[in-house]
Amino acid sequence: MITERVPVVEKIFGANDRLAADNHARLEAAGVFSLNFMASPGAGKTSLIEQTVRHLSGQLRLAVVDGDIATSLDADRAAAAGAVAVQINTGGDCHLDAAMLQSALDELDLSVIDLLIVENVGNLVCPANFSLGTHKSVLVASVPEGDDKPYKYPGAYRGVQALVINKIDLLPYVNFDMEYFQRGASALNPGLATIPVSCRTGDGLDAWLEWVVEQVSTNGRGHEIRRI
Amino acid sequence: MHELSVTESILEIALRHGRKAGAAAITDVFLVIGELSTIVDESVQFYWDMITEDTPAAGSRLHFQRIPGRLSCRTCGYSYSPREDLPCPACGSIDIDILAGEEFYLEAIEIAETRETEKQTT
Ligand SMILES: Nc1nc2c(ncn2[C@@H]2O[C@H](COP(=O)(O)OP(=O)(O)OP(=O)(O)O)[C@@H](O)[C@H]2O)c(=O)[nH]1
Ligand SMILES: [Mg+2]
Ligand SMILES: [Zn+2]
């Protein structure tokens, strides 16, 4: 038997990356600005989406794509808050990938959307490897998870453009060294926009909403946004 | 973990390049994986044996080349391997570059050529 070595040198995530580029082009062409929310389970992704939808739906037309392993609970919450919501069940997969977002986009009328928020599956490891084609990624950390997460999950902190630290109402009850946490985060991602909030008390939400509106107006169809 | 979808991507790439090269069978697959990537070799191997069953890659061996993580400090230029603490061990700076350890690609395959090709060449 003749054997032969065939050079390949191809990125293993290449196929996903190509689909992500397609999604990106499609969102760009439609003038939709998009955010990918990543976090551990229970950090408060859906709560932050609810708050964002409630406060911004007078100004922006919002849609939410919710990735969940099996249920539609999160999409129902986003819809109840007033967004157009699409559910993706990953059937056990620990992350969304570009193909899943592509089929969710098929269900939306992109021409009437200003801001699309994608809630990734709660997981700090896997989603970071699969680009979706969204414009920016937001990591939602939360106080009860502990201040060592940047050190343990560097991949999650490296590829994001904003960091929301949720549940700051719990700071008095939890050992959470904000300085240690932020030192780790900025080692991994210098200059990262960092916004501490509480979705429960509403603390810090103004700064978050301002960041979102700023992003949409500089990157999306900014001229059409009504400021109120 | 997503080792199953990763393994499917590896198989798709290997089969595509195998077909192009006129392979009757793929015998070996060489992967390059950075230490900082979160892939677990054993589970890739486990899924590989499962999903290659009725393909030209059945029975093939996976080879993993691990690239050690390498960081470099933008403040003092010191270069080091990542430990528990990420800041530069020499000067404490947090402004660091990742030089190596994030690789994740299929480098090469080894194939057995098709019978026709084999006849022509022997
Ligand atoms: N104390 C406190 N609790 C919060 C806050 N934000 C969210 N929670 C609670 O945290 C729990 C999880 O919130 P979700 O918004 O469902 O979290 P998630 O990240 O979407 O969770 P999964 O989608 O299951 O991964 C809920 O019980 C929320 O009420 C907060 O700011 N403070
Ligand atoms: Mg949720
Ligand atoms: Zn240094």
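Let's start in the middle of things, with helix α3 of chain A: its buried residues are covered by elements that include α2 (45-56), β3 (62-68), β4 (84-89) and β5 (115-119) of chain A. Bear in mind that this is a predicted model.

So who is under that cover? Helix α3(A) spans residues 73-81, and its buried residues are Asp74(A), Ala75(A), Ala78(A) and Ala81(A). They sit on the same side of α3(A), because the arc they cover around the axis is only 120°. The spacing fits a general rule: an α-helix has 3.6 residues a turn, so residues three or four places apart point the same way. Flip to the other side of α3(A) and you find Leu73(A) and Ala80(A), both exposed. Just past the end of α3(A), Gly82(A) takes a positive phi of about 120°.

Now zoom out to the whole chain. Chain A has eight helices and eight strands. Its radius of gyration is 18 Å, which agrees with the value near 17 Å that a compact globule of 228 residues would have. Along the principal axes, the C-alpha atoms fill a box of roughly 70 × 45 × 35 Å. Of the 228 residues, 54% count as buried. As for who touches whom, take the contacts with a separation of 6 or more: 73% of them are between residues 24 or more positions apart.

What about the outside? The accessible surface of chain A comes to about 9,500 Å², and carbon and sulfur atoms own 50% of that. The chain carries 18 positive and 28 negative charges, and the mean positions of these two sets are 3 Å apart.

Two single residues are worth a stop. Ser40(A) is in the loop between β2 (33-39) and α2 of chain A. Is Ser40(A) buried or exposed? Its relative accessible area is 11%, under the 20% cut-off, so Ser40(A) counts as buried. Leaving out residues up to four places away in sequence, Ser40(A) touches Lys45(A), Gly122(A), Asn123(A), Leu124(A), Val140(A) and Glu145(A). Look at Gly122(A) in particular: this residue is 82 residues from Ser40(A) along the chain, yet their C-alpha atoms are separated by 4.6 Å.

The other stop is Gln215(A), which lies in helix α8 (residues 205-219) of chain A. With a relative accessible area of 9%, Gln215(A) is buried as well. Again setting aside residues up to four places away in sequence, Gln215(A) touches Phe33(A), Lys136(A) and Gly220(A).

Conventions
Residues numbered from 1 in each chain as written. Chains lettered and ligands numbered in written order. Predicted model: local features only at pLDDT ≥ 70, side-chain atom pairs only at ≥ 80, totals over all residues. Heavy atoms only, no water. Buried < 20%, exposed > 50% of the residue type's maximum accessible area, 1.4 Å probe, protein only. Helix = DSSP H or I, 4+ residues; strand = E, 2+ residues; numbered from the N terminus. Arc of directions from axis to C-beta. Contact = heavy atoms within 4.5 Å. Rg over C-alpha atoms; globule rule 2.2 N^0.38 Å. Areas by Shrake-Rupley, 256 points an atom, 1.4 Å probe, with all protein chains shown as cover. Lys, Arg positive; Asp, Glu negative; His and termini not counted. Charge placed at Lys NZ, Arg CZ, Asp CG, Glu CD.
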